[in-house]
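Student: Please pick one part of this model and take me through it closely. I would like one connected answer rather than a list.

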Amino acid sequence: MNPVNYLYLAALLFTIGATGVLIRRNAIVVFMCIELMLNACNLAFVVFSRMHGNLDGQIIAFFTMVVAAAEVVVGLAIIVSLFRSRHSASVDDASLMKL
Amino acid sequence: MSAQLAAYSTSTGEAFQFWVLGSVALIGALCTVFMKKAVHSALCLAGTMIVLAVFYLANGAYFLGIVQIVVYTGAIMMLFLFVVMLVGVTAADSLKETIKGQRWLALVSGLGFGILLLAGIGNASLTEFDGLGQANANGNVQGIAALLFTKYVFAFEITGALLITAAVGAMVLTHRERTERAKTQRELAEQRVREGKHLPPLPAPGVYARHNAVDIAGLLPDGTPSELTVSKTLRERGQIRDVSTEALNDLRALEQRAEERLERTEVVPATFRRTEEASK
């Protein structure tokens with residue numbers, strides 16, 4: 001098997017995540033799809049690192065993970081406060097800046 | 001191991017692992033998107049992430065594989081599940097489209113995007129794989145540390161600032177200042193009396209219902225289940241079990257058989273139905 005197949009898998013996962021962001025209405029599920037896309041990118045980085053024979057790709061993937069962790073913390077806090085004010089986690093309901 | 005990693009083509013074992021776990025990852029990703037309940041989506045995503053961790057390990061990223069399991073499936077998915085439990089119980093995904101045909105357009109554009117990506121990778125000349133044998137010679141963790149604390153040390157320090165900002169931001173976002181005094185128990189009781197509804201405590205579940213689990217509604221004197229007896233969360237999730245009709249129908253069937261055996265005049269069996277079915 002050619003290791004390029006990992007890249008195809010990463011592309012597929014990224015596509016599924018992007019489609020999920022467009023399709024789903026629930027803010028939490030949308031957020032999970034974003035995480036899926038980030039993970040697909042990480043896989044691509046790791047495979048590129050193996051391809052080029054240096055560890056820079058793994059470092060970038062590591063930074064992506066750290067940033068994703070920070071992003072999840074803030075994003076979920078935003079979802080919780082949205083839910084408190086609107087009693088719904090649907091992204092369609094949050095069409096106004098202010099209630 | 002290093003010889004295998006340097007090879008242009010992977011070993012049969014890795015190929016087998018890729019095809020098996022890769023399909024698991026794809027199924028998990030699809031389930032994340034298409035599962036109705038947010039909890040199921042989160043579990044499917046956790047499965048996909050574990051598979052990705054195995055792939056990192058197979059690609060020579062030993063440190064990242066472990067970090068993936070600890071940070072992603074351990075911390076981030078935990079946080080997701082926590083928020084799903086906090087928020088998602090009553091948050092049903094609305095199936096009404098706000099923009100007409102948006103779902104199909106999204107699927108079509110997703111398909112197009114996927115084809116574009118795959119074709120791009122297929123066209124790129126990715127024939128040479130150097131492998132990590134040389135880079136991992138002194139150990140993967142040591143190699144990453146050497147890079148992280150020399151070439152990327154500034155980015156590493158900025159990351160610390162980012163993490164602190166995120167923690168403070170989350171605290172500020174979820175903190176709620178209390179603007180009015182909390183009501184005392186006496187005031188709450190007076191308010192209940194003034195409003196005049198449900199003065200006594202709510203009825204207990206399972207009363208007269210032959211079972212006393214919390215998800216089984218208590219029965220009113222006429223045999224119909226009372227929704228008030230079951231907790232609000234279970235009611236909104238639609239997880240109330242109603243076994244009263246089965247029991248009553250069993251009893252009715254037994255009586256009918258007894259009548260037939262005794263050759264008495266047949267009683268017209270009136271099957272009990274659930275209240276929501278009967279109201280239709």
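Tutor: A helix here is a DSSP run of H or I with at least four residues, a strand is a run of E with at least two, and both are numbered from the N terminus. The model is predicted.

With those terms, start at Lys100(B). Lys100(B) sits in the loop that joins helix H4 (62-88) to helix H5 (102-123) of chain B. Is it buried or exposed? A residue counts as exposed if 12 or fewer other C-beta atoms lie within 10 Å of its own, and as buried if there are 20 or more. Lys100(B) has 8 other C-beta atoms within 10 Å, so it is exposed. Val70(B) comes 30 residues away from Lys100(B) along the chain, and their C-alpha atoms are 42 Å apart.

Now go back along the chain to Gly65(B), which belongs to helix H4 of chain B. Here the count is 20 other C-beta atoms within 10 Å, and therefore Gly65(B) is buried. Leaving aside residues up to four places away in sequence, Gly65(B) touches Ala53(B), Tyr56(B) and Leu57(B). Another residue to look at is Phe55(B): ten residues separate it from Gly65(B) in sequence, and the C-alpha to C-alpha distance is 7.7 Å.

Go on past H5 to helix H6 (residues 140-148) of chain B, where Asn140(B), Gly143(B) and Ile144(B) are buried. Looking down the axis of H6(B), these buried residues stay within an arc of 95 degrees, so they line one face of the helix. Val141(B) and Gln142(B) are on the other side of H6(B) and are exposed.

These pieces belong to a chain with eleven helices and two strands. Along the sequence of chain B the order is α-α-α-α-α-α-α-α-β-β-α-α-α. Of its 280 residues, 21% count as buried. Among contacts in chain B with a separation of 6 or more, 47% come from residues 24 or more positions apart.

The UniProt record, an unreviewed entry, gives "transmembrane region" for residues 16-35, 42-63, 69-92, 104-124 and 144-173 of chain B. Two of these spans can be compared with the model. Residues 104-124 of chain B are 95% helix and 0% strand, with end C-alpha atoms 30 Å apart. Residues 144-173 of chain B are 87% helix and 0% strand, and there the end C-alpha atoms are 35 Å apart.

Next, consider the partner. Chain A has three helices and zero strands, in the order α-α-α from the N terminus. Its radius of gyration is 17 Å, well over the 13 Å that the globule rule gives for 99 residues, so chain A is more spread out than a compact globule. The C-alpha trace of chain A spans about 55 × 25 × 15 Å along its principal axes. Of the 99 residues, 58% count as buried.

For chain A, the unreviewed UniProt entry lists "transmembrane region" at residues 6-23, 28-48 and 60-83. In the model, residues 28-48 of chain A are 100% helix and 0% strand, with 30 Å between the end C-alpha atoms. Residues 60-83 of chain A are also 100% helix and 0% strand, and their end C-alpha atoms lie 34 Å apart.

How do the two chains meet? In the interface, 66 residues of chain A contact 72 residues of chain B. Helix H1 (4-23), helix H2 (27-52) and helix H3 (56-86) of chain A each give two or more residues to the side that touches chain B. H3(A) gives the most to that side, with 21 residues. By type, the side of chain A that touches chain B has 44 nonpolar, 16 polar and six charged residues.

The largest nonpolar core brings the two chains together again. It has 72 residues, and those with the most contacts inside it are Ala10(A), Leu13(A), Ile28(A), Met32(A), Leu43(A) and Ile79(A). At least two residues of this core come from each of H1, H2 and H3 of chain A and each of helix H2 (12-34), helix H3 (38-58), H4 and helix H7 (153-174) of chain B. H2(A) gives the most to this core, with 17 residues. H4 of chain B, which holds Gly65(B), is thus one of the helices that supply this core.

Key
Residues are numbered from 1 along each chain as its sequence is written. Chains are lettered from A and ligands numbered from 1 in the order in which they are written. This is a predicted model: local features need pLDDT of at least 70, side-chain atom pairs count only at pLDDT 80 or more; totals for chains, interfaces and linings use all residues. UniProt positions are given in the numbering used here, feature names are shortened, and annotations may be inferred rather than shown by experiment. Two residues are in contact if their C-beta atoms, placed from the backbone, lie within 7 Å. Ala, Val, Leu, Ile, Met, Phe, Trp, Tyr, Cys and Pro count as nonpolar, Asp, Glu, Lys and Arg as charged, and the others, Gly among them, as polar. The radius of gyration is taken over C-alpha atoms; the globule rule is 2.2 Å times the number of residues to the power 0.38. The arc is that of the directions from the helix axis to the C-beta atoms. A nonpolar core is a set of buried Ala, Val, Leu, Ile, Met, Phe, Trp, Tyr and Cys residues joined through C-beta atoms within 7 Å.
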